[in-house]
Amino acid sequence: MLLSRHGLLAPSVISLLLAGNAVADDARTKAREALQTLQGWYNPNSGIWDTCGWWDGASCMNTVADLAALDPSVMETATYIFNNTFHVGPVSNPNPGPEHKTVYTRDNQPSTSVNARQWLDQAYDDDAWWALAWIAAYDVTKQATYLELAEGIFESLANAWGTNCGGGGLPWNPTSTYVNAITNELFLSVAAHLANRVPDRKQYYVRWAQKEWDWFTAQAFIGANGTINDGLLDNCQSNGDTVWSYNQGVVLGGLVELNRAAPNDKYLPAANKIANAAIATLADSNNVIHEFCEPQCLPDGTQFKGIFIRNLQMLQKASPNDIYQKVISSCATNIWDNDRNKKGQFGVNWAGPIQAVVDASTHSSALDALVAAVAVLGA
């Protein structure tokens, strides 16, 4: 650090620090304002946000938790959401599932305080989104019941292990034989997250995460250019379907958490390869991420890009790369400047202009980018 001859910070350094703090404060202010706008859709009776679906509600809650972890000023809003959704959210479950589960407490005994079955909807990817959301809520509140709920959801997922592709992995849902990338990436991520938060069962979760990753990399999910395909055909070959951004994202967070739990010199390089391939495929010349379905991405694609950026920020923290920071900052800047209507709501086309529907899903997805910008600017 540059000092003056009196041992004090040089004026030029002070100016840079003040400028950096101003930029970080501006990013936090924008994210807070966007959260307030998002709350205009929150329905206290349903426990999720009007205009978005069941699994999107989980992603919205994860976004709120991520912002609360960075900005204590929004903690009151966040804890209200977590508490209310915990108690009333299951009324919004569109298809309560038959999946079985066992929830464990910290002393490895069956829990009587949470009912994971209420959060299962017969789609294993949806279940896992809620597990990650409750883990994120636990991270900022340390409320043990949230973590217990995530553990119970995980047990249901683990019970579904085994497909016709190599005998491993999870199918999309209990009645489908479709083997898709997102369900298995989520299983990896949930297991790895739990490994870092449940000390007495750490090795159990590490083994599951490693088992999933070893199986995943042995299948035809990852293409020649390094991007991840949507899923597998009945013969277990790639179905050549769309390269969705969230398929490139969830795996990044899973590998970061797995490397934290059980360090290995292959996990972060694999994540970096996927991230760079995704950016090369999905980013425009201004480093703004696009989805192939834009501008008509309903019902699910409106949520995907925020999930990619959320997980890219996790990788940036663990394995910094200038291009990751450029993408995060560019997305956040363009969203604010070019993809915001007069109500302060964000659309699906982050480069702008506002196109097609604007709802809680498009807005919360964009908010993920603003939250990621807070994280990288405050680092």
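I started at Leu312, and leaving out residues up to four places away in sequence, I found it touching Leu252, Ala275, Ile279, Tyr324, Val327 and Ile328; contact here means heavy atoms within 4.5 Å.

A note on the source: this is a predicted model, where local features need pLDDT of at least 70, side-chain atom pairs count only at pLDDT 80 or more, and totals for chains, interfaces and linings use all residues. Residues are numbered from 1 along each chain as its sequence is written, and side-chain values use heavy atoms, with hydrogens and water left out.

Next I looked up the largest nonpolar core (buried Ala, Val, Leu, Ile, Met, Phe, Trp, Tyr and Cys joined through side-chain atoms within 4.5 Å). It has 124 residues, and Leu312 is among those with the most contacts inside it, along with Trp49, Phe82, Trp130, Trp134 and Ile309. Helix H4 (residues 124-141) gives the largest share of this core, 13 residues.

Then I went to helix H9, residues 267-282 (helices are DSSP runs of H or I, at least four residues, numbered from the N terminus). Its buried residues (under 20% relative accessible area, 1.4 Å probe, protein chains only) include Ala275 and Ile279. I see the buried residues of H9 packing against H7, H8, H10 and H11. I checked its length too: 16 residues at 1.5 Å a residue should span 22 Å, and the end C-alpha atoms are 22 Å apart, which agrees; the expected span uses one less than the number of residues.

Last, I took H7 against H8. Lys202, Val206, Ala209, Gln210 and Trp213 in H7 meet Val251, Leu255, Leu258 and Ala261 in H8.

Note on methods
Helices (H or I, at least four residues) and strands (E, at least two) are DSSP runs, numbered from the N terminus. Buried means under 20% relative accessible area, exposed over 50%, partly exposed in between (1.4 Å probe, protein chains only).
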